[in-house]
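Student: I have a model open in front of me and would like a close look at one of its chains. Could you walk me through chain A, piece by piece?

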Amino acid sequence: MSDVKISGLHKHFGAVHVLKGIDLEIPTGEFTVLVGPSGCGKSTLLRTIAGLEEVEQGEIAISGQRMNDVRPRDRNIAMVFQNYALYPYLNVFENIAFGLRARKMPESEIKERVTSAAEMLGITGLLERFPRQLSGGQRQRVAIGRAIVRKAQLFLFDEPLSNLDAQLRDEMRGEIKKLHQTIDVTMIYVTHDQIEAMTLADRIVLMREGRIEQVGAPLDLYERPATHFVAGFLGSPKINFVHGEVLISGSEQVLRLVDGETISLPAIASTWPKNIILGIRPQYLGLASESRSPDDVRFSRIIDLIQPTGSRTYITVKLGGRDLVAEIESTSRGNVGDVLDLSFNRLNALFFDPATGRAL
Amino acid sequence: MAQSFASVSSAVRRSPQMPDHNFRYWIIAPSVFLLLLIGLFPLIYAFVVSFQQITMTDYDTSFAGLVNYQALFSDQRLWESILHTIVITVIALPVELILGLALAYLFLEKMYGKQIFISLIVLPTVISPIVSGATWRLLFDQRYGPINQVLSWIAGREVVMLWTIEPILVYPAILICEIWQWTPFMFLILLAALSSVDKSLTEAAELDGAGFWRIFLKIELPAIWPVMAIAILIRGVDLFRIFDMVWALTGGGPGTYTETISIYTYVQGFRQFETSYTAAIAFLIVALMSFVVTWAIRRMGLAK
Amino acid sequence: MVILGRYLLALSVLIFFVFPIYWLFAISFKTPEEIFHFPPVWYPQKIQFANYWVLFKDGDATSVWNSFILAGSSTIIAMILGTICAYSLVRFKTGGENFAVWIISQRLMPPIAIIFPIFLLYVFFGWVDSYGGLILLYTAFNLPYVIWMMRGYIEDIPIELEESALVDGCSRWAVLWKVVFPMARAGLFATAVFTFVFAWNEFIFALVLSRTEVTTYTVQVTHYFGGQSNFWAKIAAMSVLGTVPVFITVATLQRFLVRGISMGAVKG
């Protein structure tokens with residue numbers, strides 16, 4: 001049992017209210033990712049769970065036991081830091097063994113744990129070397145090794161891949177996911193990168209300005225975002241937002257955009273406000289197809305910008321006074337200034353209340 | 001999904017601190033104790049005793065009011081010693097600063113054997129002021145000191161200058177020794193500071209047509225000012241409390257001609273045993289220095 | 001042409017600063033005839049250690065040993081106490097700015113102002129002319145410098161190393177010894193040397209608080225200044241004995257020289 005329960009957690013740094021009442025439950029064995037923009041409090045939350053920050057108000061419990069007054073080393077957790085935190089004056093073996101030595105473990109057991117962890121991570125040949133002789137990826141593996149040997153019940157990761165270049169990051173991401181499959185331990189992972197969050201998480205906790213915006217499985221947050229912020233944060237390229245006014249004439253519901261263009265809407269509830277935001281992801285916005293369906297919304301626009309990425313091409317057009325990004329096949333051809341027929345299925349659209357940000 | 005655990009007890013109550021919270025106080029405790037010993041205790045003692053009348057002959061611990069402090073004002077020798085100290089400080093400090101700066105510029109650019117030059121020039125700074133005072137006393141000796149010898153050779157006749165005895169000569173002697181020992185200190189610090197000035201700034205200015213003085217005044221001086229200020233503070237304070245060097249060179253003489261404030265206080269305390277009076281002087285000095293130093297430190301934001 | 005001028009200038013500067021030291025060393029090796037000779041003898045005919053021998057014979061050379069004990073002990077104690085105090089200041093900001101200002105102001109306090117009450121206190125406890133008494137005082141007087149310098153060095157240590165150790169199983173004390181001290185090794189060494197040099201060259205405390213047992217070399221030198229005549233050879237030899245150790249230690253520490261004497265103002 002290594003579940004984590006956080007209730008009513010508040011924290012200030014001086015005058016700044018960094019955590020504004022966090023309530024969160026993380027079940028045993030789950031890979032939970034805390035994600036959000038800089039300053040949202042995710043690192044602070046992680047460090048409070050670790051015991052590196054003191055709890056001001058609220059409670060943290062691990063495996064059902066209250067941890068507020070417990071020292072970090074007594075919480076049976078392991079942590080991997082952004083800057084690896086390797087001791088430059090110790091070799092790789094000693095770095096990994098550091099925590100075990102601190103707990104006065106017998107030499108034979110230390111040796112056994114370190115060598116098996118090294119094997120698991122493929123760094124057995126590096127045990128005699130010193131951190132300065134290792135590459136970024138190797139150092140990260142050593143840091144993870146140090147966490148593994150402790151056989152802790154909870155693993156914490158504080159943006160471990162931020163210092164790596166893009167290619168290495170992809171590789172290490174896969175390794176961390178495999179790690180979780182091999183060692184079935186509760187893991188809490190902090191990142192600002194939404195791709196990391198989407199690929200690694202069993203559940204995502206999206207944070208914003210000290211509060212939890214939404215919690216759920218990655219695809220849940222992606223397909224059914226609770227707020228405008230969540231919709232905008234997840235997904236690359238970013239979701240398209242258009243503002244408009246709802247007009248009802250008879251049985252027809254229509255969204256009138258800023259530049260006069262109208263889009264007919266699917267069913268509206270009477271609780272909807274006058275002004276709403278429509279959101280449509282680029283991958284749902286494409287070339288108008290031959291077959292017409294009643295749910296299609298079609299319009300023609302001039303191409304402003306073409307950005308090829310190899311697998312897909314992104315076209316930018318203007319709608320409702322804003323830039324819209326559409327995703328089309330790379331095989332299609334076109335030039336800036338051409339007129340393009342685009343369409344999206346209105347059932348794929350998301351709607352939000354501009355005042356509260358909540359989904360409608 | 002998240003469940004709300006807003007139970008009254010955990011939301012309202014401030015949780016107690018972790019067991020290691022007092023660690024930070026335990027590790028400063030021994031240091032604080034020792035610092036209080038030399039920082040606070042003497043102050044309190046001096047303060048108390050200065051209001052009494054303890055002398056070599058008289059052990060009167062009754063409260064005597066401001067009698068000692070009043071005596072301070074009419075003490076000619078005290079004010080002279082303050083004057084002596086100020087004279088030394090006010091002359092030596094700028095000279096050391098300017099010479100140090102000039103030397104720094106001399107050695108700023110690449111030069112063959114630079115490291116060796118610098119290592120040797122720095123030697124005077126690390127020896128004891130007593131030793132430097134003694135050394136110059138030997139150098140200045142009227143018959144066997146090389147300085148008089150060289151002067152004799154230049155003048156063509158025997159020159160017997162009583163450097164450590166003639167009133168006219170003692171201050172130059174002290175100042176020469178002092179400047180000799182401490183200019184390297186300024187030099188070293190200013191050299192390091194100048195070396196760390198961003199080269200691109202000075203190069204851009206040169207391309208723009210700025211001459212040496214303009215670059216110095218507008219770019220380099222502002223850049224090294226924080227460091228220079230600290231060096232001036234350290235050196236200024238050290239000059240004000242100068243004792244060892246003068247003691248070795250002249251012993252405060254002739255008579256009391258080169259008596260600095262530290263020497264005077266020493267004499268009053270350990271030769272005359274004017275306990276209470278010395279306490280008053282000490283208290284005065286400390287009060288003065290505290291204000292000046294604290295003001296200077298805060299002004300320079302040293303404590304960050 | 002300019003380069004030549006520069007070298008000439010540098011050379012003259014060098015001579016100005018080094019000659020007196022040379023002279024001191026030279027006298028220590030000269031015979032009395034060479035010392036008291038007119039015109040001056042610029043270099044001794046041969047290097048003879050008679051002057052030094054006299055010092056050892058008379059037992060005066062023990063003053064160098066005394067200096068060593070005093071400076072060495074007080075440096076070690078001050079380094080330990082001062083470093084952990086600096087750690088508290090850096091990581092926990094204990095005492096805030098006021099505390100830090102007070103500490104550094106102690107370094108700039110004139111010794112003469114505190115020497116008298118301390119002297120009377122020591123007389124009361126019978127600590128005058130004792131090793132322990134002077135070591136205590138030297139330690140206290142060195143603390144501000146140590147705290148100040150180590151503050152800078154500790155700030156350079158990445159905090160993640162300490163946090164990782166905390167999570168891995170170290171107590172706060174263990175973090176100090178296993179992480180902070182090893183990481184700050186270079187700074188510890190440099191600060192220790194300068195602390196040692198300052199204590200080694202100290203005069204006024206030693207003058208006041210020692211009599212016959214604990215004379216340091218600086219006080220010993222002043223014993224050779226007589227009213228009528230000075231014992232030149234002894235002055236020179238004693239000075240050299242007290243100066244050579246300093247030269248050696250500082251020479252090994254070129255790198256940290258600037259940072260050490262500027263109290264951290266310049267990283268050098």
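Tutor: Happily! Let's start with how much of the chain is tucked away: of the 360 residues in chain A, 38% count as buried. Keep in mind as we go that this is a predicted model. Chain A holds eight helices and 21 strands, and its C-alpha atoms fill a box of roughly 80 × 45 × 35 Å along the principal axes. If you take the contacts in chain A between residues at least 6 apart in sequence, 65% of them join residues at least 24 apart.

The domain assignment gives chain A a domain 1, covering 4-225, and a domain 2, covering 240-352. The C-alpha centres of these domains lie 41 Å apart. We can begin in domain 1 and work along the chain.

Find strand β1 of chain A, residues 4-13. Strand β2 of chain A, residues 16-26, pairs with β1(A) in the antiparallel sense, and eight bridges join them. Within that pairing, K11(A) stands opposite L19(A) of β2(A). The two strands form a hairpin with two residues between them. Look at the turn and you will find G14(A), which has a positive phi of about 65°.

β1(A) has another partner as well: strand β4 of chain A, residues 57-62, runs antiparallel to β1(A) and is joined to it by five bridges. Here the bridge partner of K5(A) is A61(A) in β4(A).

Now step just past that strand. S63(A) sits in the loop between β4 and β5 (65-66) of chain A. Its phi is positive, near 55°, in a residue other than glycine. S63(A) has 16 C-beta neighbours inside 10 Å, so it counts as partly exposed.

There is a useful companion to S63(A) a little further on. Y84(A) lies in the loop between β6 (77-80) and α2 of chain A, and Y84(A) also has a positive phi, about 65°, although it is not a glycine. What about its surroundings, buried or exposed? Y84(A) counts as buried because it has 24 C-beta neighbours inside 10 Å, and the cut-off for buried is 20 or more.

The loop that holds Y84(A) leads to helix α2 of chain A, which covers residues 92-102. Its buried residues are V92(A), N95(A), I96(A), A97(A), F98(A), G99(A) and L100(A). What do they pack against? From chain A there are α3 (107-121) and α4 (136-148), and from chain C there is α8 (159-168). Just after α2(A) you will meet K104(A), with a positive phi of about 60°.

Let's move on along the chain to a different kind of backbone feature. The peptide bond from S236(A) to P237(A) is cis, with omega near 0°. P237(A) is placed in the loop between α8 (228-233) and β11 (240-249) of chain A.

For our last stop, go to strand β20 of chain A, residues 339-345, where you will find D341(A). D341(A) has 11 C-beta neighbours inside 10 Å, so it counts as exposed. Leaving aside residues up to four places away in sequence, D341(A) touches L287(A), A288(A), R298(A) and S300(A). You can also check the spacing to S289(A): that residue is 52 places from D341(A) along the chain, yet their C-alpha atoms are separated by 8.8 Å.

It helps to set three of these residues side by side. With their C-beta neighbours counted inside 10 Å, Y84(A) is buried with 24, S63(A) is partly exposed with 16, and D341(A) is exposed with 11. Try finding each one in your viewer and looking at what surrounds it.

Notes: Residues numbered from 1 in each chain as written. Chains lettered and ligands numbered in written order. Predicted model: local features only at pLDDT ≥ 70, side-chain atom pairs only at ≥ 80, totals over all residues. Pairing = 2+ DSSP bridges. Helix = DSSP H or I, 4+ residues; strand = E, 2+ residues; numbered from the N terminus. Buried ≥ 20, exposed ≤ 12 C-beta atoms within 10 Å, placed from the backbone. Contact = placed C-beta atoms within 7 Å. Domains from an automatic or database assignment.
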